[in-house]
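Please read the following explanation with the structure open beside it. The text moves from two loop residues to the strands and then to the side-chain pairs.

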Amino acid sequence: MNVSLRIPLNFGFYLAFLLMLFAVPFTQGAPKLIEDEKANNSLNAEVEITDATNKVNVGEHFRIVRLGAEVQLSDIKRFQNWDSSYSASPLQDNQVLWGNVKIKNHNAPSSRYTFVIGNPNLDFVDIYMLDAQGRILQSVMTGSKRPLGNRPFVFREFVIAFDFHPQEEVEFYFRIKEDGPLVFTTTLWKSTALIAKEQLNLTFIGVFTGALAVLACYFLVTYVLLLSPVRFWFAVSNMIFVLLFLNVEGILGQLTGQTAIMSTTTTVLLALAIFCAAKVSHAMLHKVPTLWRYATYFGAIVMLIGSALLNTYWQIELSAVIGALVVLIHLFLAIRYRNPFNSLPNKIYAAGWATISTVVFLYTYWFLQGSLLTTSDNLQLSTLMMMGVLLIGVSVEAHEKVLIHNKQEEQSNAISDLRRFYDFYRNSAEGLFTANYDGQLITVNPAMCKLFGYADEYTMLQHVASVRNLFANQQELSLLLEQLAKEENAIGREIRGLRHDNNEFWLSISVQLCEDGGKHLLFGSVVDITERKQTHISLAYLATHDPLTGVYNRRHFETELTDAMSDLCQSGGDMTLLYLDLDKFKAVNDTCGHKAGDMLLKELAQKLYSQVGSKGLLGRMGGDEFAILLTGNNAQLAESLAAELMQLIQLHRFVWENRPFSLGASIGLVNYHSGISSPEQMLSMADSACYVAKEQGRNQIHCYSSDDEHMQRYEMELNWLSHINEALEVGNFVLYFQPYQPLRKVAEGYHYELLLRIRDEHGNVTLPGSFLPAAERYKLIAKIDRWVIENYFKWLSQHPEHMQELVRCNINLSGQSLADNELKLFILDAFERYQIPYNKICFEITESMAIVRLEDTLAFMATFHEKGCKFALDDFGVGFSSYEYLKKLPVDLVKIDGSFVKNILNDAIDMAMVRSMRDVALAMGMETVAEYVESTDVMVELGKIGVDYAQGYGVAEPRPLNELEG
């Protein structure tokens with residue numbers, strides 16, 4: 001029976017053993033560690049020695065049995081039920097393994113032999129040597145858990161040496177107690193052969209450990225020189241491999257005498273080796289995920305804990321699992337996480353791990369096959385293992401060279417960056433400087449020297465004792481230093497600088513406070529912003545002053561007025577506002593042009609500013625309008641100042657191209673009171689008072705009063721002005737229509753006049769007489785006419801049936817609209833957009849407005865006459881020259897003013913006037929319409945006279961346009 005198994009000569013074989021344990025756990029049913037054909041020997045356990053025998057594998061001949069620990073040698077000598085099979089599975093508690101073999105010297109000469117049980121890690125080994133009569137010749141009580149001195153001589157394995165004579169027979173009994181797997185060899189050596197073999201083994205062990213030790217020392221020394229972590233961990237890894245190898249071979253226990261902890265030491269060293277190998281891998285490989293790193297560390301920690309808590313068997317099981325996983329993981333990491341920039345070190349590293357993995361799996365394969373490796377085989381595989389370690393060492397060297405090369409490139413790039421920075425520093429358009437916190441300049445660049453008027457850096461550093469000498473205002477510098485002390489930086493701070501010739505200029509400075517070598521230094525840049533600052537000052541001036549006259553503009557004046565009102569509300573006092581409008585200024589502009597007008601405004605503004613002085617605040621509100629704000633005691637002098645200003649303007653003589661002009665002024669005055677809620681309201685009141693002063697004859701001063709009838713009318717117009725604007729924006733206008741009745745023929749189709757109303761938010765409707773005067777005064781009537789045209793034409797296009805039956809719709813146009821060329825184009829466009837027939841529209845114009853804008857009226861009428869539109873002259877007869885202008889206006893319809901119509905039944909003169917108007921219109925080929933027809937009797941009488949149409953409440957009242965059908 002062959003139970004011999006040589007303990008591996010290196011760490012790779014030990015790993016193979018662990019992998020085997022992982023793949024095939026040691027249980028009672030585990031496969032045998034020997035081939036079955038070798039296990040079928042007879043129970044005749046006898047070995048014969050001949051003259052040629054130097055070594056005998058006794059394990060092929062001995063008998064074994066597992067018995068209780070209480071069985072003694074005397075009991076086992078009588079034992080008959082020896083077992084012929086062998087299993088390496090661990091012993092049970094309170095169980096030992098007994099073995100027996102007989103050896104007979106057949107014809108060999110007398111010589112010294114040694115019986116060897118090989119496995120330095122066995123806990124307890126008792127060897128008994130008996131003669132043929134069963135007497136004990138020698139006995140050895142040894143094992144790793146017993147003192148090293150118990151052994152016959154210091155040797156890493158367990159031996160008995162004896163002299164063996166011809167025809168002599170000896171019998172060996174051995175008892176083994178072990179808490180791990182039963183793996184060992186039993187051999188009988190001729191002592192001289194054993195010594196030769198051991199010398200060879202020790203030489204091999206020395207070479208192998210020496211190579212690892214040299215490798216460790218080399219990387220340790222280079223680590224001290226280069227301070228590279230990967231070198232340190234690789235050196236430590238090799239040192240641990242040396243210790244692990246020596247411990248597995250039993251040399252370490254032999255040297256230290258601490259054989260009792262050999263198994264635990266092996267587990268601890270293996271855990272440390274895994275930890276160090278992980279350190280090497282993670283330093284070598286590129287961006288290994290943290291998960292893999294901690295997984296390896298965790299495995300090493302688990303092994304360390306297991307070494308303290310588990311017995312030998314479970315330590316081996318745990319080490320097998322973790323060791324196998326670590327080998328596979330690091331082989332995978334070496335292949336997967338390569339350096340993308342230079343993968344050669346990682347390829348060599350992967351080759352090293354692949355070599356080690358190959359050796360481990362070869363040992364595993366042969367171990368599972370039960371084959372024994374010769375010393376030559378062990379040497380070859382160990383050499384291959386050593387090559388794997390060397391490959392890893394080479395990869396570390398290559399990795400370091402790559403790092404050194406990268407570092408050299410970084411240093412080269414850094415030098416290039418420094419060179420570029422130096423070039424930038426020297427050639428920068430900004431002034432750059434370095435100074436200590438006390439203000440002493442350390443470095444400056446040429447731009448800094450040029451900025452402050454120095455020839456070069458040396459001259460500037462010699463002449464400028466402190467940064468303080470570069471600033472005109474030391475208080476501004478102190479504020480800058482305070483900001484640096486708090487925030488450690490200041491960006492774009494604007495300060496006045498002082499050149500070498502003592503001229504001041506504006507600069508923008510950005511400074512950073514940094515600590516360098518325990519010193520606080522200032523690093524800063526300076527830019528000349530004199531031109532920009534002057535522009536900024538000019539812009540700031542223009543933002544608050546009128547560019548033509550130099551006095552405050554409207555925006556700034558309103559701001560000052562707002563602040564004054566706010567102060568007044570808090571502290572009380574008096575305040576008065578004057579609003580001044582020049583009279584006859586338009587005549588200068590129209591006669592001599594705007595250049596003359598601008599010159600006049602400059603002259604008057606200077607005189608007004610001189611007169612007002614420090615008494616108040618003067619501002620130009622726009623055009624030829626000025627405002628003066630008086631506060632405190634000066635407010636009580638408002639009327640006298642207003643009179644002085646009016647007299648000053650009246651006395652001023654303006655001459656342009658030898659043409660003299662004199663002006664006047666209308667002034668509105670408002671005293672502040674609690675009823676004024678805003679600056680806008682106060683300005684509006686002052687403007688209203690100024691307007692009333694103009695209406696009352698100009699060159700007057702009018703004080704605002706809420707009881708003033710003129711003021712109330714004016715403010716009512718202003719109120720309507722806001723309503724009109726709102727109606728234009730949100731569409732509060734409503735279209736009405738009022739039919740007019742044909743008196744001389746049967747009515748066919750629709751004849752009506754289009755009227756306009758405003759509906760407020762409460763649904764109340766306002767007649768046009770209330771808001772149209774304000775619209776005409778403030779130039780809004782053209783916008784209203786545009787709204788009427790747009791919305792009526794749109795309504796017509798949406799009601800084609802009604803448009804088909806429409807005969808004529810009269811639409812009122814103001815004189816302002818007749819002179820508005822854009823409105824004329826808008827109406828032409830509306831006809832085309834909405835496809836409205838021109839002959840269905842009749843535009844009504846009032847006699848008074850037609851006379852005032854006669855040329856514009858004629859041009860407008862000519863344009864639309866050509867298209868087919870009709871024209872009606874409204875309110876005919878109220879003017880002084882109605883008949884004269886009637887000949888000049890190409891109207892189609894004359895609307896007789898209602899003031900002549902409503903009393904024709906009672907007033908013969910009105911009757912005669914209506915007759916004459918009808919006769920003149922008939923003579924000129926025009927139709928007539930009588931307005932304000934309020935009864936059937938009046939309508940009948942008009943028919944008798946020959947008037948063509950009647951319009952008024954007697955015919956039909958105005959109704960909303962949307963009530964029309966079809």
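With a relative accessibility of 60%, Leu227 lies over the 50% limit and so counts as exposed. The model in which this residue is seen is a predicted one, and Leu227 sits in the loop between α3 (191-226) and α4 (229-248). Its backbone deserves attention as well, since Leu227 has a positive phi of about 55° although it is not a glycine. Most residues other than glycine have a negative phi. A second residue of this kind is Asn94, where phi is positive at about 60° and the residue is again not a glycine. Asn94 belongs to the loop between α2 (73-77) and β4 (95-105), and its relative accessible area of 53% means that Asn94 is exposed.

From these loops the reader can turn to an open sheet of five strands, whose order is β12-β11-β15-β14-β13 and whose pairing is antiparallel. The edges of this sheet are formed by β12 (441-444) and β13 (489-498), each of which pairs on one side only, and from one strand to the next the twist averages 30°. Within the sheet, strand β11 (residues 431-436) and strand β15 (residues 519-528) run antiparallel and are joined by six bridges. One position may serve to trace this pairing: Leu432 has Ser525 in β15 as its bridge partner. Across β13, β14 (504-516) and β15 lies helix α13 (residues 474-487), which runs at about 165° to β13.

Further along the chain, strand β23 (residues 733-742) offers another view of strand pairing. Eight of its 10 residues are buried, and β23 is therefore largely enclosed by the rest of the structure. Which strands pair with β23, and over how many bridges? Strand β24 (residues 750-759) runs antiparallel to β23 and is joined to it by seven bridges, with Leu756 in β24 as the bridge partner of Leu735. Strand β31 (residues 949-951) is also antiparallel to β23, the two being joined by three bridges, and here Gln741 has Ala950 in β31 as its bridge partner. Strand β32 (residues 959-960) pairs with β23 in the antiparallel sense over two bridges, and Phe737 stands opposite Arg959 of β32.

Arg959 leads from the strands to the charged side chains, because its relative accessibility of 37% makes it partly exposed and its side chain meets that of Glu963 in a salt bridge, at 3.8 Å from N to O. Glu963, at 40% relative accessibility, likewise counts as partly exposed. Elsewhere, Asp581, Asp583, Lys694 and Arg698 are joined into one network by salt bridges that share partners. In total, the structure holds 26 salt bridges.

Two other pairs among these illustrate how the surroundings of such contacts can be described. Asp75 forms a salt bridge with Arg78, and the closest N and O atoms of the pair are 3.3 Å apart. Asp75 is partly exposed, given its relative accessibility of 34%, whereas Arg78, at 56%, counts as exposed. The side chains of Arg620 and Asp546 also meet in a salt bridge, with 3.2 Å from N to O. This pair links distant parts of the chain, for Arg620 is in strand β17 (residues 616-622) while Asp546 is in the loop between α14 (530-544) and α15 (554-571), the two being 74 residues apart. Arg620 and Asp546 are both buried.

The cysteines complete the picture. How many disulfides does a search of the whole structure find? The search returns zero. A disulfide is a covalent bond between the sulfur atoms of two cysteines. Cys842 is in no disulfide, and the nearest cysteine sulfur, which belongs to Cys869, is 8.7 Å away; a pair would have to be within 2.5 Å to be counted, so this distance does not qualify. Cys842 has a relative accessibility of 1% and therefore counts as buried. Cys592 counts as buried too, because its relative accessibility is 18% and the limit for a buried residue is under 20%.

Definitions and conventions:
Residues are numbered from 1 along each chain as its sequence is written. This is a predicted model: local features need pLDDT of at least 70, side-chain atom pairs count only at pLDDT 80 or more; totals for chains, interfaces and linings use all residues. Side-chain values use heavy atoms; hydrogens and water are left out. Two strands pair if DSSP finds at least two bridges between them. Helices (H or I, at least four residues) and strands (E, at least two) are DSSP runs, numbered from the N terminus. Axes are lines fitted to C-alpha atoms, for helices over the stretch in contact, and angles run from 0 to 180 degrees between N-to-C directions. Contact means heavy atoms within 4.5 Å. Buried means under 20% relative accessible area, exposed over 50%, partly exposed in between (1.4 Å probe, protein chains only). A salt bridge is a side-chain nitrogen of Lys or Arg within 4 Å of a carboxyl oxygen of Asp or Glu.
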